[in-house]
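Here is a friendly walk through one model, meant to be read with the coordinates open beside you. Load it in your viewer and follow along.

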Amino acid sequence: MHLMYICNDNNLIDESKWSNWFDNSIFCHYNIGMIKQVFNMSKCSYCNKRDAEIKIILDTWNGTNRKKITYFVCSDECKTQLELFSGYVNKHVNKFISSILIVILVLIISLCLMVYLNNIRLLILIYSVCIALMGSVFYRYPFATPETCQKYGLRKSIYIIKNIGMGLIITGILGGLTFLLYCFF
Ligand SMILES: [Zn+2]
């Protein structure tokens, strides 16, 4: 696809010359904010491909509150996936936040308790369980920050958060096994 964009100084920009801009530092002559906007608009919010032209507005969670946000997608498939995930976020965001807060609270309380009781084995057990729980929360609710979604696209962001979740679950299990070794050997 061959596209022409208009920058703030009314220059027409040929998309095929974009790569040369950076090489030749012509980039500096144009309004950087405008260029960023053009780049963001052209990327698919789901799969991160260029030239996304389907515009959709979703009432969704943006990290702090719910509001109407404009997205661009490259296909009907990406549009459906984005809408489904947006619905999933809206439905589960309160559970996600409360689960994270509960796990952090348990970690803080158990740390205070462990300092008082001076029992390293119990500390390992509780921390392992909490880390595994935190991992399962991330795996079940793979909600990345808006910045991450913008940078990598939603599909890759979900993949990243699910892998972090899986990593935490494995760390928690290994911690639990360490506790068993402490107990029986
Ligand atoms: Zn896409």
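Let's begin with a single pair: Asp 59 has Lys 68 as its bridge partner in β4. Please keep in mind that this is a predicted model. The pair belongs to a wider ladder, in which strand β3 (residues 54–61) and strand β4 (residues 66–73) run antiparallel and are joined by eight bridges. Another of the pairings links Lys 55 to Phe 72 in β4. Between the two strands of this hairpin there are four residues, and Gly 63 takes a positive phi near 110°.

Here are the two pairings side by side.

| Residue | Bridge partner in β4 |
|---|---|
| Asp 59 | Lys 68 |
| Lys 55 | Phe 72 |

Now for a residue of β4 itself, Arg 66. Is Arg 66 buried or partly exposed? Arg 66 has 13 other C-beta atoms within 10 Å, so it counts as partly exposed, given that a residue needs 20 or more to be buried and 12 or fewer to be exposed. Setting aside neighbours within four places in sequence, Arg 66 is in contact with Asp 59, Thr 60, Trp 61 and Asn 90. Asn 90 lies 24 residues away along the chain from Arg 66, yet their C-alpha atoms are separated by 8.1 Å.

Next, the nonpolar cores. The largest one has 15 residues, and Cys 44, Tyr 46, Val 73, Cys 78 and Leu 82 are those with the most contacts inside it. At least two residues of this core come from β4, and at least two from α3 (76–117). A second, separate core has nine residues, among them Tyr 127, Cys 130, Ala 132 and Val 137.

Val 73 is a good place to zoom in on the largest core. Which residues does Val 73 touch, leaving aside neighbours within four places in sequence? Val 73 is in contact with Cys 44, Ser 45, Tyr 46, Ala 52, Ile 54, Ile 56, Cys 78, Lys 79 and Leu 82.

Finally, turn to a pair of helices. Helix α4 (residues 120–140) packs with helix α6 (residues 154–184) at an angle of about 160°, and their axes are 7 Å apart. Angles over 145 degrees count as roughly antiparallel, so that is the description that fits α4 and α6. The crossing in which α4 passes α6 is left-handed.

How values were computed: Residues numbered from 1 in each chain as written. Predicted model: local features only at pLDDT ≥ 70, side-chain atom pairs only at ≥ 80, totals over all residues. Pairing = 2+ DSSP bridges. Core = buried A, V, L, I, M, F, W, Y, C linked by C-beta atoms within 7 Å. Contact = placed C-beta atoms within 7 Å. Axes fitted to C-alpha atoms, helices over the stretch in contact; angles between N-to-C directions. Parallel < 35°, antiparallel > 145°, perpendicular 65-115°, else oblique. Left-handed = near helix turned anticlockwise from the far one by under 90°.
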